[in-house]
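Please open the structure in a viewer and keep the sequence panel visible. The tour below proposes selections one after another and describes what is found at each stop.

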Amino acid sequence: MGAVPEPGGDDLSRSGALWYATEWSRAVRRLGFVPLSAAETERLLHLHTVRLAQAVLAEPFSALPAEKVGRALVEEHLTEPRVLDWSVRALGERFLPEVLPARAHHDETVERVAALQGGLAAGFARALRDRTFAQQERIARSAWQARDEVEQALRDSEARFRAVFVGAPTGIGIAGIDGRIIDVNQAFADMLGYSVEELRQINVASLFHADDAAGMWELYQELVEGKHDSARVEKRYHRKDGSVVWTDLSVSLIRHDDGRPRFTVAMIEDITERYELQQRLRFQALHDPLTGLPNRTLFFETLGRVFETADADHRVGVCFLDLDGFKAVNDSLGHDLGDRLLVVIARRLAECVAGRGHLVARMGGDEFVILVDDGTGIDDAVAVAEAALAAVSAPVRIGEHQLAASASVGIVECPVGGTSASELMKAADTTLYWAKAEGRGRWAVYDPERGARDIARSALAAGLPAALDRDEFVLHYQPIVSLLEGSMLAVEALVRWQHPELGLIGPDRFIGLAEETGLIVRLGEWVLRQACRDAEEWRREFPAARLVVSVNLAARQADDPRIVETVADALASTGLPAGLLQLELTESAVMGTAGEPLRSLHRLAALGVRLAIDDFGTGYSNLAYLRRLPIHCLKLAGPFVEGIRGDGPEAATDHRDERIVDALVRLAHALELWVTAEAVETGVQAERLRALRCDTGQGRYFGPPAPAAEITARLRGGGHGAAA
């Protein structure tokens, strides 16, 4: 016997494969007759062990090698039924820990081994069935040859025929075209629990199982009418005692010499044990081994069947449930206790919807799903979700631990005609994310409009890197004007996205996405360099203006350890003097992620760059720290300025806001800081801010954000502040 290549790497235990083959060989020889020597049997089964290991590790995975192994067992005459039972059970219980120990706890590997179990049983069953069918055909030919010989040589032919008919281990029955049984052998009678004489008084139609009687009768009718010469099916029969036997049935039509149907010959084999084994294997393949619930495969099969068979107005709902903080249970108390918690939760979920007929499945990990089929509307799905949440939230006692669990549920409910199975599950997953984001122990219902916004938002996030590569971003600049003289002293750089399909997009739609994806550092660097280039052009053309460009730094940018080098390089590469660059940081960014002042501030100030705190007054700045920081400017948050409206009915409120602004300006000046008021919209606001000795103002009263070319035109015109 030639050597078989074994899979490489550390996945396969060669000693384990030899041990497994030895145990397999001993079991085979113990359970039945083996036409091979012990050494030959062991070498043969070691070959099959390696083939099964190769199948588990193969990419893409296929259960076909296992079917070939099952067929080979039959071809090698290892056909004792207990051999198949031992082989399938050992493959599920011993194969992974002994042959593939490195993959024993991989969920995908376990699923593959389950598929190989089914493939092995299927290959064995098909090979055995084919061999039996061949034997049956030989028996049939012998039987009818004997009958022909009887007509020519009475006693000798009759003796041979009766020997085959009576002694055959396979059930054989002969019936007329009207269905009346003419004769059966003892094996046929024993299989159905009747005597031969009782069966000779019965019509074959009365033996059909109630669940397949109509279809079987139609098949039989077509056979006796001569439309087919043979038929083969797996079907159930009722025994005389009322029990059910599963059989492999082959029926052949015997014709007269002129071709007219004469009678039928049926050969029947009891496959009840094989069928039950297949059903057990199917159950294992379609159910979660930990909780016993249907798994995601069975769930999607059921959901797909609903969409294939239901009318367009048939309503279907999904409650997608995920436990809150389950990872913390595993991390703190161990995976064993976490598994026991999952078993309890699974049982509760199944019980809480048991009376409603809904399917509960485990999708994997700590995710479960409930299929609400043929409900009357969203209220039914919500009621199921609330029942599930109540079941999960009840205290759980596991050993010495008292656990409090909670879950989040995403709910989708709609007519079948309005969606597909994949779209329904995608919406359920999205809605579960919404419920998670809103807090623990709650449900959320799918909102198509919100879903469309999320899709659009995701599309924008996905397009950000390419937009930077294609240079789709542009800068607009908003003037910052002296409240005393009215001249433009600075501009704030504000980024816009010139989207090829959506047009000009404001920062409120993409800056948050850039921060979430980490692209804000790269985008912020582009803004910094472009603003420095534009500012240097203004400096060269209008040297007397000394126009300062103010650039916002996001918190992640400010935390970047390379920020100082990035700013220094931008200044050096453009030639812009450091004193004409102002960096705006939020209060939270200035204080750092741990509540400490940003260490890079002093290094940035050492470059000569101006530093400003944006939206001052909305955070929680430590004034003691503020006194020691190298800050040059405070930008008052817009809400304070918006409260200064004039002498209308809200004057009392205006005076309070005005006193707050006055206090903030005095505080800033006491710290020798420059003050810029944001969101200045009216002349009244500008005049009051001037009276409060605020230094500069910024807002639509002084001009909206505009392209660099408009700032250039304004500088040429004298740079005066208030917009016409």
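Select Trp497 and Phe510 to begin; both residues are buried. In this predicted model, their rings form an edge-to-face aromatic pair, with 5.9 Å from centre to centre and 90° between the planes. Trp497 belongs to strand β14 (residues 488-499), while Phe510 sits in the loop between β15 (503-505) and α18 (511-517), so the pair ties together parts that are 13 residues apart in sequence. Now add Phe473 and Trp526 to the selection: ring pairs link Phe473, Trp497, Phe510 and Trp526 into a cluster.

**A stacked pair**

The structure contains 8 aromatic pairs. For another of these, select Trp434 and Tyr446. How are the planes of Trp434 and Tyr446 arranged, stacked or edge-to-face? The pair is stacked, with 0° between the planes and 5.7 Å from centre to centre. Trp434 is part of helix α16 (residues 421-438), and Tyr446 is in the loop between β12 (443-445) and α17 (448-469); the pair therefore ties together parts that are 12 residues apart in sequence. The accessibility of each partner may then be examined. Trp434 has a relative accessible area of 2% and is buried, whereas Tyr446, at 27% relative accessibility, counts as partly exposed.

**Strand β6 and its partners**

Next, select β6 (315-323). Of the 9 residues of β6, 8 are buried, so this strand is largely enclosed by the rest of the structure. Show strand β11 (residues 407-415) as well: it pairs with β6 in the antiparallel sense over 9 bridges. Strand β8 (residues 367-373) also pairs with β6 in the antiparallel sense, here over 7 bridges. Asp322 is a useful residue to follow, as its bridge partner in β11 is Ser408 and its bridge partner in β8 is Glu367.

**Helix α13**

Proceed to helix α13 (residues 326-333), where Phe326, Val329 and Asn330 are buried. Why do these three residues lie on the same side of α13? They cover an arc of only 95° around the axis, which puts them on the same side of the helix. A general rule helps here: an α-helix has 3.6 residues a turn, so residues three or four places apart point the same way. Now colour Lys327, Asp331 and Ser332: these exposed residues are carried by the face of α13 turned away from its buried side. To see what covers the buried residues of α13, display its surroundings, which include β6 and α14 (335-352). Gly334 follows α13 and has a positive phi, near 100°.

**Stops in the loops**

Several loop residues deserve a separate selection.

- Asp471 is located in the loop between α17 and β13 (473-482). Its phi is near 60°, a positive value in a residue other than glycine, and at 52% relative accessibility Asp471 counts as exposed.
- Arg546 lies in the loop between α19 (520-541) and β16 (548-552). Although Arg546 is not a glycine, its phi is positive, at about 50°. At 47% relative accessibility, Arg546 counts as partly exposed.
- Pro60 is placed in the loop between α2 and α3 (64-75). Select Glu59 together with Pro60 to view the peptide bond that joins them, which is cis, with omega near 0°.
- Phe33 is in the loop between α1 and α2 (38-57). At 71% relative accessibility, Phe33 counts as exposed.

**Helix α1**

Select Glu23, which lies in helix α1 (residues 14-31). Its side chain and that of Arg26 are joined by a polar contact of 3.1 Å. Which residues does Glu23 contact when its neighbours within four places in sequence are left aside? They are Trp86 and Arg94.

**The whole chain**

Finally, zoom out until the entire chain is in view. The protein chain has 28 helices and 22 strands. Its radius of gyration is 41 Å, well over the 27 Å that the globule rule gives for 724 residues, so the chain is more spread out than a compact globule. Along its principal axes, the C-alpha trace spans about 135 × 60 × 60 Å. Of the 724 residues, 49% count as buried. Among contacts between residues at least 6 apart in sequence, 65% join residues at least 24 apart.

Definitions and conventions: Residues numbered from 1 in each chain as written. Predicted model: local features only at pLDDT ≥ 70, side-chain atom pairs only at ≥ 80, totals over all residues. Heavy atoms only, no water. Buried < 20%, exposed > 50% of the residue type's maximum accessible area, 1.4 Å probe, protein only. Helix = DSSP H or I, 4+ residues; strand = E, 2+ residues; numbered from the N terminus. Arc of directions from axis to C-beta. Contact = heavy atoms within 4.5 Å. Phe/Tyr/Trp six-rings, centres within 6.5 Å; stacked < 30°, edge-to-face > 60°. Polar contact = N/O pair within 3.5 Å; in protein donor to acceptor, adjacent residues only side chain to side chain. Pairing = 2+ DSSP bridges. Rg over C-alpha atoms; globule rule 2.2 N^0.38 Å.
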